[in-house]
Amino acid sequence: MAKKQSKVKYTWATGRRKKAIARVRLIEGKGNITVNGKDLKEYFPVDVMQTVVCQPLVLVEAENKYDIIINVIGGGLSGQAGACRHGIARALVLNNETYKAAIKAAGFLTRDPRMKERKKYGLKKARKAPQFSKR
């Protein structure tokens with residue numbers, strides 16, 4: 001029994017932000033964006049997050065050129081939206097090298113290095129100390 005191979009050509013890239021990791025597949029299409037099997041508007045109900053995800057596409061005027069399939073894990077919704085933006089930007093550059101200058105100038109290829117600081121021994125959180133009591 002042979003495996004059935006699909007003939008669909010796609011470009012894939014990985015985007016990261018905070019603890020979120022997004023695997024992005026870029027396919028020639030009509031502009032549909034699917035995140036974890038759901039539509040973009042269903043997965044990210046807040047308009048700001050939808051615009052964050054679509055920023056690289058709007059920048060290079062490719063909103064209706066590609067269908068995008070995203071698998072995202074970890075982090076919160078804001079981190080996931082940033083990871084999706086990073087992954088889409090990287091996939092666009094891999095697919096079409098002429099987009100690189102504009103996307104790089106906008107800062108979408110740079111991974112946001114800010115992470116949550118770890119909790120330290122003897123403290124309540126990363127920097128919050130226990131309440132001081134004189135008596």
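In what order do the five strands of the open sheet stand? I looked this up at the start: the order is E1-E2-E5-E3-E4, with mixed pairing. Helices (H or I, at least four residues) and strands (E, at least two) are DSSP runs numbered from the N terminus, and two strands pair if DSSP finds at least two bridges between them.

Note to self: this is a predicted model, where local features need pLDDT of at least 70, side-chain atom pairs count only at pLDDT 80 or more, and totals for chains, interfaces and linings use all residues. Residues are numbered from 1 along each chain as its sequence is written, and side-chain values use heavy atoms, without hydrogens and water.

Back to the sheet. I see E1 (10-17) and E4 (38-39) at the edges, each with a single partner strand, so one side of each has no neighbour in the sheet. I also checked E3 (residues 33-35) and E5 (residues 66-73), which pair in the parallel sense over three bridges. Val35 stands opposite Ile70 in E5.

Next, salt bridges (a side-chain nitrogen of Lys or Arg within 4 Å of a carboxyl oxygen of Asp or Glu). I get four by this rule. One of them joins Asp112 and Arg17, with the closest N and O atoms 3.0 Å apart. Asp112 lies in the segment after H4 and Arg17 in strand E1, so this pair ties together parts 95 residues apart in sequence. Asp112 also forms a salt bridge with Arg114, at 2.9 Å between the closest N and O atoms.

Last, I looked up Glu117 and Lys120: their salt bridge has its closest N and O atoms 2.5 Å apart.
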